[in-house]
Amino acid sequence: MPLLHVQPFKALYIAAELIHILFLWMPLWIITSIPKTKRPRPSWSAGRTVLVYALRRYFILNSSVGGVSKSPSFLAIEGGKGVNGVWVSPGLDLIQGLIKKQCDDAGIGPVKLPGYWYTRKGEAFEANEASKADKVLYTLHGGGFVAFSAHPSDSLAPIAHGILKESRELKSVFAIEYRLSKWDMKSSTSNPFPTALVDAITGYNYLVNEVGYTPSNVIIEGDSAGANLALALMRYLLETNIPSLPPPGGLILVCPWSDLSLSHVKPGSSALPTRNADVLTPTNDGPGTSYYSVRSYVGPTNLAAASTDPYISPASLDMPNPGFKKFPQTLMIAGEAELQLDMMRTLRDRMAEDMGDRLDYYEVPDAVHDFLCLDWFEPERTSTLRKMAEWIKL
């Protein structure tokens, strides 16, 4: 495990970095953001520019220390005001085919997991069986497969809260607390691929076969790594064809991290911009990705999978189009200022080739990665959420 992930080194590093941000970086960001010509995007205000810089620095810090704060885990249901947590039983017979073999090779299998129901503010939670007319959003959170949580208080939860607020078609949103991957450089990887996919299957089975939602009324939504997982879940349901798990009726991909390889990292690409405007930081290990995240998810001895496995990198340029002909209606959202924009456009082109008008693509000018979870990124955030609500109506 990296030294900065261990106390007391972690706490000391965080304290030192916060002092640097407050007394060195923040004044510098404010001064340099005053002239419009010095801002990464002319359309941005000085305030937005400073906030983007601060968030970028936070992500660097968060990655360096393995998480600034402790996130809820799959080992317990975390409480809180208005939190509606449930235990979800594993579907032991639902893991089949190639994914079953990969599970056996990795020594993993389904486990009991926490799940969280999101409801509108002021509305009572009811865990009754769903009617045939009810629509539900099944959300899978981002975080590079190594961070963040399904909990309604999580930093990425405003995406699900925002969709629920804007859409009158949805009564509720469900999130599964899938197991996060972890790479210990001295020993091995915990919860590598396909652990998160197995857990996503568990959550979908709960909605369809325990709560009783009609599969066509389920919409799977994911952001960043969660969108990658949503794509993998959809591919699994379509390719495995399990009678008790028909595929859902729709898919929403928010800023999908769709290529874990280096195939889109090249001079002149969005991954290596002349001037970075994203909240993520460009590296030679990937467009705003983390060396630690990729190796945690695919395993340090299985890096070739990041280029060749359609369940991991459906937009990789190192393999042909993995095929999306059977995918349902899909809405993809991307920010035009993202480091990962090129891979998202590759994914868009591949899906459009197979799906035609079943794919709706919405690219938001000057928007950063996962801008939907940033309540200060307005008016783009609200207008995009309303677009999503209109799409859900269809």
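This is a short walk through the structure above, from the whole chain down to single residues. Keep in mind as you look that the model is predicted.

Let's begin with the overall build. The protein chain contains 10 helices and 10 strands. Its radius of gyration is 20 Å, close to the 21 Å that the globule rule gives for 394 residues, so the chain is as compact as a globular protein of that length. If you follow the C-alpha trace along its principal axes, it spans about 60 × 45 × 45 Å.

How much of the chain is tucked away? Of the 394 residues, 55% count as buried. The accessible surface comes to about 16800 Å², and carbon and sulfur atoms own 57% of that surface. Contacts tell another part of the story: among those in the chain with a separation of 6 or more, 77% are between residues 24 or more positions apart. As for charge, there are 37 positive and 39 negative side chains, and the centres of these two sets lie 4 Å apart.

Now try dividing the chain into its domains. Domain 1 covers residues 3–68, while domain 2 is made of two stretches, 84–264 and 287–393. Taken over C-alpha atoms, the centres of the two domains are separated by 28 Å. Domain 1 brings 10 residues to the contact, and domain 2 brings 12 residues.

For a closer look at one residue, find A16 in helix α1, which runs over residues 9–33. Is A16 buried, exposed or partly exposed? Buried means under 20% relative accessible area and exposed means over 50%; A16 has a relative accessible area of 34%, so it is partly exposed. You can also use A16 to get a feeling for distance: A16 and K171 are 155 residues apart in sequence, and their C-alpha atoms are 45 Å apart in space.

Helix α7, at residues 291–298, makes a nice contrast to look at next. Why can we call α7 largely enclosed by the rest of the structure? The reason is that 7 of its 8 residues are buried. These buried residues are Y292, S293, V294, R295, S296, Y297 and V298. Their packing partners are two strands, β5 (182–183) and β6 (189–190), together with two helices, α5 (195–211) and α8 (305–308). Before you leave this region, look just after α7, where G299 takes a positive phi of about 90 degrees.

Terms used
Residues are numbered from 1 along each chain as its sequence is written. This is a predicted model: local features need pLDDT of at least 70, side-chain atom pairs count only at pLDDT 80 or more; totals for chains, interfaces and linings use all residues. Side-chain values use heavy atoms; hydrogens and water are left out. Buried means under 20% relative accessible area, exposed over 50%, partly exposed in between (1.4 Å probe, protein chains only). Helices (H or I, at least four residues) and strands (E, at least two) are DSSP runs, numbered from the N terminus. Contact means heavy atoms within 4.5 Å. The radius of gyration is taken over C-alpha atoms; the globule rule is 2.2 Å times the number of residues to the power 0.38. Accessible areas come from the Shrake-Rupley method with a 1.4 Å probe; for residues, only the protein chains shown count as cover. Lys and Arg count as positive and Asp and Glu as negative; His and the chain ends are not counted. The place of a charge is taken as NZ of Lys, CZ of Arg, CG of Asp or CD of Glu. Domain bounds come from an automatic or database domain assignment.
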